[in-house]
Amino acid sequence: IEGSSGSGKTTMLQLLGALDVPTSGSVSYAGRDLAALSAKEQDEFRRDAVLITGDGADVLTSSPVWRA
């Protein structure tokens, strides 16, 4: 994901990883609202459906799939 500073890249990733909840709207995965998941369900979602790495981790070196 690429974009200028302040464009929402980190916020989007936090929402997609169920690490934060939106102030409006919703984020759903497989028909379930991520904000409505229990802490245990959030952990299971992150374990089963999300890969989280820190900044600078060169895990994927191909072209970005989305630009902000």
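**Overall fold and two local features**

Read from the N terminus, the elements of the protein follow the order α-β-β-α. That gives two helices and two strands in this predicted model. The protein has 68 residues, and 13% of them are buried. Its accessible surface amounts to about 5300 Å², with 50% of that area belonging to carbon and sulfur atoms. Contacts across the sequence are also worth a look: among those with a separation of 6 or more, 43% join residues that stand 24 or more positions apart.

A good place to start exploring is the aromatic side chains, where the count comes to one aromatic pair. The partners are Tyr29 and Phe45, with 5.2 Å from centre to centre and 65° between the planes. The pair is edge-to-face because its angle falls in the class of planes over 60 degrees apart. Tyr29 belongs to strand E1 (residues 28–29) and Phe45 to helix H2 (residues 39–49), so the pair ties together parts that are 16 residues apart in sequence. The two partners can also be described by their accessibility. Phe45 has 10% relative accessibility and therefore counts as buried, the cut-off being under 20%. Tyr29, at 44%, counts as partly exposed.

The surface offers a second feature to find. Ile1, Leu13 and Leu16 make a nonpolar patch of about 260 Å² there. Of these residues, Leu13 sits in helix H1, which spans residues 9–16. The relative accessibility of Leu13 is 46%, so this residue counts as partly exposed.

Methods:
Residues numbered from 1 in each chain as written. Predicted model: local features only at pLDDT ≥ 70, side-chain atom pairs only at ≥ 80, totals over all residues. Heavy atoms only, no water. Patch = residues over 30% accessible without salt bridge, like charges linked within 9 Å, V, L, I, M, F, W, Y side chains within 5 Å. Areas by Shrake-Rupley, 256 points an atom, 1.4 Å probe, with all protein chains shown as cover. Salt bridge = Lys/Arg side-chain N within 4 Å of Asp/Glu carboxyl O. Helix = DSSP H or I, 4+ residues; strand = E, 2+ residues; numbered from the N terminus. Buried < 20%, exposed > 50% of the residue type's maximum accessible area, 1.4 Å probe, protein only. Contact = heavy atoms within 4.5 Å. Phe/Tyr/Trp six-rings, centres within 6.5 Å; stacked < 30°, edge-to-face > 60°.
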